[in-house]
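Reader: I should like a close look at how helices pack against one another in a single chain. Please define each term as it arises.

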Amino acid sequence: MSSRPAAEIQLTIDGRPISVPVGTTIFDAARVNGIPIPTLCHQQNENPVGVCRVCVVDIGQRVYAASCIRQCESGMTVKTATDQVHAARNTLVELLMSDHPAPCARQQQSGDCELERLAGAAGIKESRFPHRTTPRGKDDSSAVIAVDHEACILCDRCIRGCDDIRDNWVLARRGKGYQAGIAFDNNLPMSESSCVSCGECMVSCPTGALTNKRVVGTQLGEGDVLDPSELLGLPIFQKKRHFKAGEIVCREGEFGSTAFYILEGQAEVFLASPIAHVKTEGSSKGFFSKLQSLLAPREGDRRSEESDRPFIPIDASVDLPYDSPIAELNPGDMFGEMTCMSYYPRSATVRARTDCVMLEMLRNVLDILQRNKTFRAQLERNYRARALDSHLRSVPVFKSLTQDFIDHLRDRVELLRFNPGQVICRQGDPADSFYLVRIGFVKVSEQRPGGELVLAYLARGGYFGEIALLSGSPRSATCTALDHVEVVRIVGEDFQLMLDRFPEVRQKLEAIAQERIKENLRHTVQTQNVPVDQFLAQGLMEAQSLLVLDLEKCTRCDQCVRACADAHEGVSRLVREGLRFDKYLVATSCRQCRDPLCMVGCPVGSIRRRNTLEVIIEDWCIGCGLCATNCPYGNINLHPFPAELDDPSHPGQTIAGVRVKATSCDLCHDHAEPSCVYACPHDAAHRVNPPEFFAGMLAQPAPRTDGS
Amino acid sequence: MLRRTRTTKKLAKRIDLQYFAHAHPFRQWRFWLSIAVPAIALSWFVLQRAQGGQKVYSAGPLSHAHAVFTQQCALCHVAQAGSFSAHVTDKACLTCHDAPVHHVNQTFTPECASCHVEHKGAMLLQATADRACTQCHADLRTRDGQPHYISSIAGFDRKHPEFSTLRSGKTDPGGVRLNHYLHLQPNLIGPNNTRMQLICDDCHGTKTADVTPHQAAELHPASLTEISTRRPHEQAYMPPPEFAKHCAACHTLQFDTHFGNEQVPHDKPEVIHTFLVKKFGEYIATHPGAVHEVNPPDRQIPERVRQARSARNAAEWVQFRVEDAEWLLYAKTCKQCHTLRPTNDSLPEVAKSNMTTRWLSHADFDHHPHRMMTCTSCHSRTPDSRETTDVLLPGIQTCQQCHRPQGSTKEAAEGRCYECHQYHDWTKTKPTKGDFTIQQLRGEARVPVLDR
Amino acid sequence: MLIDHTHRKWFLGSAAALTVAAAVYVPYALHSPQGPRGGSGIGLTFGTTGFLCMLFAGLLGLRKKFPIWRIGRAQTWMRGHLWLGLLSFPLILFHGGFHFGGSLTRLLMWLFGFVWISGILGAALQHFMPRFQTAQLPMETIYEQIDRVRGQLAEEAGQLVEETCSALEGEVSRASERQRAVSASAGTQGGLTVASGLRTNQQVSVQLRTFLDQEMRPYLERAGAHTARLGQSGQAQKMFQQFRVLLPPDLHSNLDDLENICEEKRQLDKQSRLHRILHGWLLVHIPLSYGLLVLGAVHAVVALRF
């Protein structure tokens, strides 16, 4: 939230003078500057705790410091790779290894036990220290996850994953000394605990302490060639489900934790949400409504870029065409990956068209499958064969690509996966590829003297990396995976080829790149103002457009609310309540944040930012409410709308029902002016750009507010 | 330390998102009142109509004269076939009223209602606005192109000419000589040789004219009709002084010492002659000895050289005495006031008194309303007037001291045209009579459709 | 709405219109034979113009019913309402020649007078009431939602008291997480030995509950209730001060919160009052103006006939 310009401090790491903002850890400072420091207990997406001490560095003091939690200090001289440091690290690894049965389950299974890799890299074959004599035991109770307390190195990664990332609060520490370990709830067997089998702990674990159960013993190594059917035949799958024709497999908006893989049969995926309800439509039924639409004319559709947005992104290998949001899924297709990996609500409804056999898998299974090269290859093949076309074409600038070029790309694109918090490309790196987001959310941010500035959040259909490729300059921003992200990578030469072959694509991309650069510059200018405490505290700096009511003019007549409701089918998208800034009430209505937290997680990408600044919710919203929860200002609300729903008792027929959808201020984009402002009789309501509007006030010394 | 924080989200979540869809009591009140008040207003109107009243349509209360038919719009507002509007037509007025034309040469005759504006409350309908007159008289055009009067008069204080008598320098044509100056001198010899001071009232009997039958009319001006707004001239103007009432006390008409203070009648010379003959005849009959007396010379008649004449007989004595007495009268006593013209006959002819009672030929005036003032405050030249021919009518400026057009508002007396002038020439009036019943006037019965 | 420099054009326009009207009226009143009358050409023009002004002013109500119709910004209408409404009265006076006329027209004039005066009063109120309200009520909310918010305040107070009492009674499970943290910082580890960190004071908790049930809840739940002891900030402060003495310092923040809730309730009550003042005139202005328009139309029809 805070983009408060923080002071920079200077330090030296391995002889390189480095400048970082106050508060940066040594580990991050080194990482940003390309100096690798090994670590076990620290992961980018988790808060550092500094328990494994493998990341120790010499900071010229009496003891070495754990770089993952130690913050940089001005004038600090850090040495990360002296012999002494290496020796200390090796000793630490040896000590850890003494508690660790080698090779552990993970090492056997996929060869990626991080501890054993570290040991291997350091040339440690066997610990010089004696092993523990008292066994800590195993927990085999869970159906999906095997717990081997012996292999646990108490790095706390699973605990933080369970508590901080998943917010499940199941895992914790237990015991002391040799008996210290992890515990589910009050040290219950895993199956009896409140564990939801999300698999986060298993993914987080660096060793074989938490592994996927059924894979144990199958000896599946990374790189093993295995026929997918063989793989799928393994008993790791909990459910092989049969669906009758017409049966609903999953519904949009539901929360789930499984992904589906179609073995046999066909299914159709579609959006049941009535489209075009969030847009205020001017359907004229009688004389009065005709008159009304005459009196409240739309000033054309100013959403020029909307018209060429033909696809709705969903959580499957295909996108849905905007005009008829329905698509077909065939054997070998997978859907629900995002739901399974990141716990997003289902983005679409899937119904069996013929009798189907599907594999429903939990996260751990999906994880295994995705680690399996053969299976991944098959998924990728599917993607290339079926989804790449629509995916590329769903991006407006690529609409004009010809089939032969897509065919050319088909075998050349690469599908890459990233874990939450992982950096996809870093500001300042040389640019070599162009990325298209297939699954998940990517944060595009810029490292500034004042701290990190989020430029955008990209969802499925978003793309990045073009600015650097176009200009040949280094990356201008850092792109980080916010959750489990899968991107399609088009390497630089293919991208260049595309630009050469399709000048209009180049033109469009250049235009958009210009726009982005301009927008970024605008941010820079605005953030350089010196803002007032309160201004920052209310997050007004993040806003690009605020609805403010001049309380000295406002008679509290509520016309703005009524106007809003009138403009949006009787549902007001503003609440005339909120905090005040000076004599202005900052009404609860979308602020079009520069850093729109609401966009993260939308399973269908219906909440998005237009090329201008407005954050809008598209018609295909499925009403999951994630954006409303994410909005820190309460500006998004869920409202029931009348809708035609499938009749559960009579398939194929519809009944009138109610469907919940998210609404937020759309600035009345089809009018020249927001209705609330237009309808204010007292000249009190204004839609303003906060830094500009409050510029006069901000220049003054901070107004002292009473109280805390 | 306060832990309760106020954040936008927290505040917004307290609010029912649909609150505005349900009217708050305050708005409900507003709504129902907004329905109730027009409804009450309309029902008030309908009720007024239902009670038979057309009064609700009225643009204002009617004048007293018409007040009785406030409920009967159609008496005046004549609906015309095919027209929505029902304006007041002259026909409606002429049903009851006569309105003789103002002047034969006037270029147009305005509608009654354009001057007599109704619905302005209890007021005199004849109290027309000056604008009604000045619409012509401010720039007078006549049909024959000959202006007979001053052609541009905009009001009493604007371009109104001096009264015509004074303007034309007319003199008083009166046949009875009178010196106001002398009469108002102090220490005049009064009756019985008393010394006295005359005042105006002594001769211009205003006191006696005070009590008139019209007093009632003044107290209730609304009961005046247009014909009798003005009081008759004999009451409005000063009555001419009468010899018997006003002069005789001082101006005695003794004719002969034989009769002491006995006076001749104030009458024609012929009557006096007869009287004298009779008087002296009777005297000689009772006093035969008087025939021989010799009269001392009469000092009172300077013009005539006294010749002592001796009568030879009674008849001659009577003749001489009558001649003497007539000489006294016609050479002195009567001549003091009257103009005597010698005739072929022995007796002179007395010129007519020819007293003017009304000096304002185009306008009306009434002394009575002015009675609070002394006479000389207006007739200021009177105490110095020594000639009978002096016209003592005060000039227009005297009037304008009090009378101004915007009477009531300017702390002044009424100064509108109608105060002195009449539009209708009532000499040409002819009788009119309406034929309404009381019920019709009071709105209790329908008025027959006017078809005139 | 606030009449500020942005009204310059409207002000000048209205002043000019009034001047023109007066310039027409004075010679007309002086020279027309019948005097100024509503029925004459000029009088009728004044009447029609005045009525149109009133009608326009009245249409604001209708316009507000359809706030999204793009028929001119609402504030333009409001400006028109203010200035044309202001102008309409002199125009109608000119129309009637400053006479009130018969019963219908007299009633109309009285109605108009009330509407006009109440309108001016309302405009005047809108000049200082919002400012006053803004200064006096930092915690104001939406007027229509005061009842609801009050209920939530009562609920919040209940929870706070419950939480505080739990802490006082030493019930760790019901004590807030923060209190656990507080007690933990007092030397204990985790959540297991917390209880010892919390002081037990059964008696105070009983008092606090009694206070909630007998003073706070009735006060918070009832609208107005100025007479309640908590309705006066001075008294309320004293009452809370007593509890502050009784309660351990780490629970004082809960008392601060409770006090703050009472303060918010006081402000809500005050807001109700101020809102009624700021909007009360509308109860006169709007209904009467509807009555005026209806009877005005009747008058127009009747007057054109006679």
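Author: The following account concerns two helix pairs of chain C.

This is a predicted model, in which local features need pLDDT of at least 70, side-chain atom pairs count only at pLDDT 80 or more, and totals for chains, interfaces and linings use all residues. Residues are numbered from 1 along each chain as its sequence is written, chains are lettered from A and ligands numbered from 1 in the order in which they are written, and side-chain values use heavy atoms, with hydrogens and water left out.

Helices here are DSSP runs of H or I with at least four residues, numbered from the N terminus. Helix α2 (residues 41–65) of chain C packs with helix α9 (residues 252–305) of chain C at an angle of about 155 degrees, their axes being 11 Å apart. Axes are lines fitted to C-alpha atoms over the stretch in contact, and angles run from 0 to 180 degrees between N-to-C directions. α2(C) and α9(C) are therefore roughly antiparallel to each other, a term for angles over 145 degrees. Their crossing is left-handed: the near helix is turned anticlockwise from the far one by less than a right angle.

From α2(C), residues including C:F51 and C:M54 meet residues of α9(C), among them C:L292 and C:L293; contact means heavy atoms within 4.5 Å. The residues of this contact divide into eight nonpolar, two polar and no charged. Ala, Val, Leu, Ile, Met, Phe, Trp, Tyr, Cys and Pro count as nonpolar, Asp, Glu, Lys and Arg as charged, and the others, Gly among them, as polar.

In the second pair, helix α3 (residues 74–96) of chain C and helix α4 (residues 103–136) of chain C cross at roughly 150 degrees, with axes that come within 11 Å. That makes α3(C) roughly antiparallel to α4(C), and the crossing is left-handed.

Methods: Helices (H or I, at least four residues) and strands (E, at least two) are DSSP runs, numbered from the N terminus. Angles under 35 degrees count as roughly parallel, over 145 as roughly antiparallel, 65 to 115 as roughly perpendicular and the rest as oblique.
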